[in-house]
Amino acid sequence: MNLKSILVLLLFSLFFSNQATAQKKTSLFNGKDLSGWTIYGTEKWYVEDGLLISESGPDKEYGYLATEEHYKNFELTMQFKQETDNGNSGVFIRSTIEGTKVSGWQVEVAPPNLHTGGIYESYGRGWLIKPVPEKESVLKSGKWNKLKIRAIDGKITSWLNGVQMVTIDDEKIGAGKGSIALQIHSGGGILIKWRKLYLKKL
């Protein structure tokens, strides 16, 4: 085998090795503690029986649990279960947080008929896109739901229980940078369980 052939093989090997690394799915939650995450606010975040629990505290204010690492292009999957009627939460992408003021984009997690899977821009343009009314019934109230979010530059797509809820291509989102963050909405009375948080960089 000549030198040129060896170099070509090495380049192919490096390319496929990088592709495999980029496509590897990693767990964001170890089932034991909140390693890799930062709490913002006074609301409750804890681990119980291998599950990540988000619960309103006595202040009944906004609360966030954000990844220490920033993520740009990815596919994120997770499961959530709303244990109370007020299951108002969300999953923020490319977000930054100061105190309890968040800048970024939220894939909504909400009580029935309040647009779970839609995309909301906090402290900005508000609702960017909501699921069509006939998809509101996809949410399983009081049961485990599977949420998937794919973010590639400005294009964001969400799925709930295997059903595509919304897709949007937005220049401002494409320019965003920051963490993935789970939310506890203000108002109190919220208890949501999370599990199987996996991310694959794209």
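Student: Are Tyr 64 and Phe 92 buried or exposed?

Tutor: In this predicted model, Tyr 64 is buried, and Phe 92 is buried too. That word requires under 20% relative accessible area.

Student: How many aromatic pairs does the structure hold, and what makes Tyr 64 and Phe 92 an edge-to-face one?

Tutor: There are 3 aromatic pairs. For Tyr 64 and Phe 92, the centres are 5.7 Å apart and the planes make an angle of 80°. Pairing needs centres within 6.5 Å, and edge-to-face needs planes over 60 degrees apart, so this pair earns its name on both counts.

Student: Why can we say that this pair ties together parts of the chain?

Tutor: Because Tyr 64 belongs to strand E5 (residues 63-67) and Phe 92 to strand E7 (residues 89-98), the pair ties together parts that are 28 residues apart in sequence.

Student: And why is the pair of Phe 80 and Trp 194 called tilted?

Tutor: Here the centres lie 5.9 Å apart, with 50° between the planes. An angle under 30 degrees would be stacked and one over 60 edge-to-face, so 50° falls among the rest and the pair is tilted. Phe 80 sits in strand E6 (residues 74-82) and Trp 194 in strand E15 (residues 191-201), so the pair links distant parts of the chain, 114 residues apart. Both residues are buried.

Student: How do you know that Arg 195 lies over the face of Trp 144?

Tutor: Arg 195 is 3.9 Å from the ring centre of Trp 144, and the distance limit is 6 Å. Lys 25 lies over the face of Tyr 198 in a similar way, at 5.1 Å from the ring centre. The rule also asks for a position within 35 degrees of the ring normal.

Student: What makes E9 and E10 count as paired strands?

Tutor: Strand E9 (residues 119-121) and strand E10 (residues 126-129) are joined by 3 bridges and run antiparallel. At least two bridges are needed, so they pair. Ile 119 stands opposite Ile 129 in E10. The two strands form a hairpin with 4 residues between them, and Tyr 123 in the turn has a positive phi of about 55°.

Student: Which residues have the most contacts inside the largest nonpolar core?

Tutor: They are Leu 76, Val 91, Leu 182 and Trp 194, in a core of 37 residues. Elements giving two or more residues to this core include E6, E7 and E15. Apart from this core lies another, of 6 residues, with Tyr 64 and Phe 92 among them.

How values were computed: Residues are numbered from 1 along each chain as its sequence is written. This is a predicted model: local features need pLDDT of at least 70, side-chain atom pairs count only at pLDDT 80 or more; totals for chains, interfaces and linings use all residues. Side-chain values use heavy atoms; hydrogens and water are left out. Rings of Phe, Tyr and Trp (its six-membered ring) pair if their centres lie within 6.5 Å; planes under 30 degrees apart count as stacked, over 60 as edge-to-face and the rest as tilted. Buried means under 20% relative accessible area, exposed over 50%, partly exposed in between (1.4 Å probe, protein chains only). A nonpolar core is a set of buried Ala, Val, Leu, Ile, Met, Phe, Trp, Tyr and Cys residues joined through side-chain atoms within 4.5 Å.
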